[in-house]
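Me: I should like a close look at one part of the model shown below. Please begin there and then set that part against its surroundings.

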Amino acid sequence: MTRAHTALVLVDLQRWIVDRPWQPVSGAAVADACGRLREHFAAADSAAVVLVRYVRADGADGGLAAAPNQFVPACAARAGEHVVTKHGLDAFEGTDLHDHLRQAGVTKLVLAGLTTAHGVASTAATALRLGYEVTVVSDATASESDAQHREALDRLTALGARTSPAGSLVASETARG
């Protein structure tokens, strides 16, 4: 996977989401894994990092400024990172994500975050329909149950996505440079 055309897309790593009970790993473990992935991708100036956050369109959750809607510290936005605010499951729906990725020349997405069966799966499925090569980082995402997590990964694989644990992905990225 050539990083010059790759974006790491981290989905829904806000306090209120990360703090919920997830399986097969905790939200904190997912956030830590996403932070490590981000460090790996940020080390390559040619790789893009995109943070996706969910807020309610009606503002009933307090909007972007509300404390629960803030990214967890390990995944807070940094200079040069694109932040996408969505109001549903899919990070492409009603956002500038596709335009931003096209303008950056991105053809490959590495997805991680919460949850496997919802935000990650919806975003991955749309990305595949739009022609992106998609890899979902299997140990940097979680769902309401281990079974739901695995079923979502299986569905995405059937659609054409790759799944990979973070360690293997980082090792293969490093080997290919």
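In which loop, between which strand and which helix, does Glu-93 lie?

Reply: The model is a predicted one. Glu-93 is found in the loop that runs between strand E3 (82–86) and helix H3 (97–103). Glu-93 counts as exposed because its relative accessibility is 60%, and exposed means over 50%. Tyr-54 offers a point of reference: Glu-93 and Tyr-54 are 39 residues apart in sequence, and their C-alpha atoms are 12 Å apart in space.

A second loop residue may be set beside Glu-93. Ser-145 is placed in the loop between strand E5 (133–142) and helix H5 (146–159). Ser-145 counts as partly exposed, because its relative accessibility is 29%. Ser-145 and Gly-35 are 110 residues apart along the chain, and 23 Å separates their C-alpha atoms.

Asp-12 presents a third loop position, in the loop between E1 and H1. Asp-12 is buried, because its relative accessible area is 6% and the cut-off for buried is under 20%. The backbone also deserves attention here. Most residues other than glycine have a negative phi, and most peptide bonds are trans. Asp-12 is not a glycine, yet its phi is positive, at about 55°. Two peptide bonds call for comment as well. The bond from Gln-23 to Pro-24 is cis, with omega near 5°, and Pro-24 sits in the loop between H1 and H2. Leu-114 and Thr-115 are also joined by a cis peptide bond, whose omega is about -10°; Thr-115 belongs to the loop between E4 and H4.

Asp-12 leads on to the largest pocket, which holds about 220 Å³ of space. Fourteen residues line the largest pocket, and those nearest its centre are Asp-12, Trp-16, Ile-17, Leu-89 and His-118. Helix H1 (15–18) and helix H4 (116–129) each contribute at least two residues to this lining. Sorted by class, the lining of the largest pocket comprises six nonpolar, four polar and four charged residues.

The second largest pocket holds about 160 Å³. Its lining includes Phe-41, Val-49, Glu-81, His-82 and His-100. At least two lining residues come from each of helix H2 (27–42) and strand E2 (48–54). Here the classes divide into seven nonpolar, three polar and one charged.

Finally, the interior. In soluble globular proteins, nonpolar side chains tend to be buried together. The largest nonpolar core of this model has 27 residues, and Leu-13, Cys-34, Leu-37, Leu-114 and Val-137 touch the most other members. Strand E1 (6–11), H1, H2, E2, strand E4 (108–114), E5 and helix H6 (166–176) each supply at least two residues of this core. H2 gives the largest share, six residues. Another core, of 24 residues, lies apart from it; among its members are Ala-7, Val-9, Leu-97 and Ala-121.

Leu-114 ties several of these themes together. Besides taking part in the cis bond to Thr-115, Leu-114 is in contact with Asp-12 and Ile-17, when its neighbours within four places in sequence are left aside. Other contacts of Leu-114, counted in that way, include Leu-13, Trp-22, Val-30 and Ala-142. Asp-12 and Ile-17 are also among the residues nearest the centre of the largest pocket.

How values were computed. Residues are numbered from 1 along each chain as its sequence is written. This is a predicted model: local features need pLDDT of at least 70, side-chain atom pairs count only at pLDDT 80 or more; totals for chains, interfaces and linings use all residues. Side-chain values use heavy atoms; hydrogens and water are left out. On a 1 Å grid over the protein atoms alone, a cavity is a set of points where a 1.4 Å probe fits but cannot get out, and a pocket is an open set with protein on both sides within 12 Å along at least five of seven lines; lining residues have an atom within 4 Å of a point. Grid points are joined across faces, edges and corners, and a volume is the space filled by probe spheres set on the points. Helices (H or I, at least four residues) and strands (E, at least two) are DSSP runs, numbered from the N terminus. Ala, Val, Leu, Ile, Met, Phe, Trp, Tyr, Cys and Pro count as nonpolar, Asp, Glu, Lys and Arg as charged, and the others, Gly among them, as polar. Buried means under 20% relative accessible area, exposed over 50%, partly exposed in between (1.4 Å probe, protein chains only). A nonpolar core is a set of buried Ala, Val, Leu, Ile, Met, Phe, Trp, Tyr and Cys residues joined through side-chain atoms within 4.5 Å. Contact means heavy atoms within 4.5 Å.
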